[in-house]
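Trainee: I have a model to read and some questions about how its parts fit together. Can we go through it step by step?

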Amino acid sequence: MNSLDDYLLGVVNDHNRRLDVLFHILASLYGPDKLVLKARKAGVVRQVKSGRIGDRLLALERLIFDEATLQSAPAKEDFEKVFARCEEELANIVARRTVEMELDQKVAVKMRDRQNEFTEEMRREILKESRGPETSSTMKKLAELEALETKGLRASALGLVRPSQLSEVVGQDRAISSLMAKIGTRYPQHVILYGPPGVGKTTVARLVLEHIKSLGGDAFAEDAPFIEVDATTLRWDPREVTNPLLGSVHDPIYQGAHREYADDAVPEPKIGMVTKAHGGVLFLDEIGELDTMLLNKLLKVLEDKRIFFESSYYDEDDPRVPRYVKKLFSEGAPADFILIGATTRQPEDIPLAIRSRCSEVYFEPLSAGQIADIVSQAAERLSVGLEKDVAQTISDYTIEARKAVQLLLDCYGLAMQARPQEEIVRITLEDFRQCARLNRLSKAVRVKAGKEAEIGRVFGLGVSGFLGSCLEIEATVYEAAEKGKGHWRFNEAAGEMARDSVFNAGSVIRGLLGRDLNDCDVHVNVVGGGKIDGPSAGLAITLALYSALEKRPLRSDTAITGEISIRGRIKPVGGIPEKLYGALRADMKRVLIPCENAVDVPVELRDKLEIVEVASIAEALDYVL
């Protein structure tokens, strides 16, 4: 055989081996049995087994491309082109089959995992239905909670000594009568209660409502609620995520709606205290501390007598929305109530928007005698005995009824520890002294009236909150080292208006005595460094300077208030009731006030104090010298 024949034989053998490989790949893809069936269906079984390369290549094309139009074997010069076409398509088929196999494997894994999860969830549901939501842990906690319910303190001491009827409230007859007149009618009004802390504002409001209900009036039903809330503890979000006072809407996705609402994408409205107080009283303690924006929203509720809810998630046409939710969104929640606000702030510190909608009731500060009566009543309710002067001594250390009762309870505990064998506990003065040392107490009223008249010393009157107090003012005057260049000194902490009162006093003294205080070194001191908000100490300062200049002593049982003008006239001032109560606590016998303040004097105090109305410095001198 020559070299050409060898070459041609080699080429034929290469084509056959190439065809064998391609048929083998097809068999591995479809499987031998399926490949035979495919060959029969295509009618190429004879060509597959043929010894001719062209016939086998035709059969390969028919099997790969499923083209029935291929009937004749390709020519020799087209073998390479057909081989390339078949190999490329076969590579695509192998790639697709590989990807499909990988996907099938992943799908099978996912299906198996999902099946396992579904099986486990179904198992849990079946167990839950069979035994309920309880577990050994939850049952144990339930048992602990039920055990706690069977225990508790025998009684709350503060609850025991708190007045249970209006007749037991001490020192607030005028406030009770005023409050009754404002909410005890057929058409009750909103009210703001002003007064110092610890004088019974909350207790009186609750008892007045109970008394009105017992009378069977038209305004309040027998089951009218009394909802109490402290404005200092209210926490709300301007976005209305939460608002315990007015109510809020919990959206189903972000704001924690209940599951039955969240599953159906239904917003859940929650009513607030204004709705819970419907038909009754909403008592808002420390109303002066309420957030301004929240207060404005509350005013809107007072006008509409309803609270309305909004939510972008609400769809009134959604059949899954409960009727309760639809009613709240379409009609709102009722909020027709009487607002009683309480505050320790001055009226001018309360926003005018709320003051204009409310009547005002003023609670009086308690005198020392009233505090002593409250202590005696509390001791009687506690069934304890009091040594003589214990109640009066306690009243010297506080001006609040609540604090006085707490001190009594402290003494009660100390007495029980010291004398456990006593059947009836008796509190002694020594028990209170020990209590005062332990609590580091000091007397509430440090300035007291004296018996001896003194030069350059006088008692003014001031107000802090709703509490009046006596201010000890003293003055000294010396000849200046150089005439016309005297120095003036006054408490820096007393305030600018009080400083102006000193200069006004200098002008009055010059007109009264003909002496220029610029020729003197003048020192005016408010003992204790108290701040004087306003010009009300002007008369007292003038009298102290007059006494120091003329060396004439002033009475120590007389307190003074009033603004002094540069012409010696006495102008009206504020806080007269509170100042008079402060003078009473300081054991003052006489109080000088401006004539124009005569109408501000509480009637009951005229029997306890000598109250003198004066119009000029000349009149005032007649009562203090």
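Mentor: What follows is a set of questions and answers on a predicted model.

Trainee: In what order do the 5 strands of the open sheet stand?

Mentor: Strands of a sheet pair through backbone hydrogen bonds, either parallel or antiparallel. In this open sheet the pairing is parallel. Read across the 5 strands, the order is β2-β5-β8-β1-β9.

Trainee: Which strands stand at the edges of that sheet?

Mentor: Look for strands with a single partner. One side of such a strand is left without a neighbour in the sheet, because there is no second partner strand. Neighbouring strands here are turned by 20° against each other on average, direction ignored. The edge strands are β2 (226-230) and β9 (359-362).

Trainee: Which residue in β8 stands opposite Ile 192?

Mentor: Start with the strands. β1 covers residues 191-194 and β8 covers residues 338-343. They run parallel and are joined by 4 bridges. Opposite Ile 192, in β8, stands Gly 341.

Trainee: Helix α8 lies across which strands?

Mentor: Helix α8 spans residues 173-183. Its direction is at about 165° to β9. The strands it lies across are β1, β8 and β9.

Trainee: And which strands does helix α9 touch?

Mentor: Helix α9, residues 201-214, packs on the sheet. Its direction makes about 165° with that of β2. The strands it touches are β1, β2, β5 and β8.

Trainee: Which residue takes a positive phi in the hairpin of β12 and β13?

Mentor: β12 (residues 457-464) and β13 (residues 467-479) run antiparallel, joined by 8 bridges. Phe 459 has Glu 472 of β13 as its bridge partner. The hairpin has 2 residues between the strands. The phi is near 70°, and the residue is Gly 465.

Trainee: In β15, what is the bridge partner of Ala 475?

Mentor: β13 is also joined to β15, residues 520-526. These two run antiparallel, with 7 bridges. The partner of Ala 475 in β15 is Val 524.

Trainee: How are α20 and α22 set against each other: roughly parallel or roughly perpendicular?

Mentor: Two packed helices are described by the angle between their axes and the distance between the axes. For α20 (residues 538-550) and α22 (residues 617-624), the angle is about 65° and the axes are 11 Å apart. Angles of 65 to 115 degrees count as roughly perpendicular. Therefore α20 and α22 are roughly perpendicular.

Trainee: How many nonpolar residues does the contact of α20 with α22 have?

Mentor: From α20 come Leu 539, Thr 542, Leu 543 and Tyr 546. From α22 come Ile 617, Ala 620, Leu 621 and Val 624. No charged residues take part, and 1 is polar. The nonpolar count is 7.

Technical notes: Residues numbered from 1 in each chain as written. Predicted model: local features only at pLDDT ≥ 70, side-chain atom pairs only at ≥ 80, totals over all residues. Heavy atoms only, no water. Pairing = 2+ DSSP bridges. Axes fitted to C-alpha atoms, helices over the stretch in contact; angles between N-to-C directions. Contact = heavy atoms within 4.5 Å. Parallel < 35°, antiparallel > 145°, perpendicular 65-115°, else oblique. Nonpolar A, V, L, I, M, F, W, Y, C, P; charged D, E, K, R; others polar.
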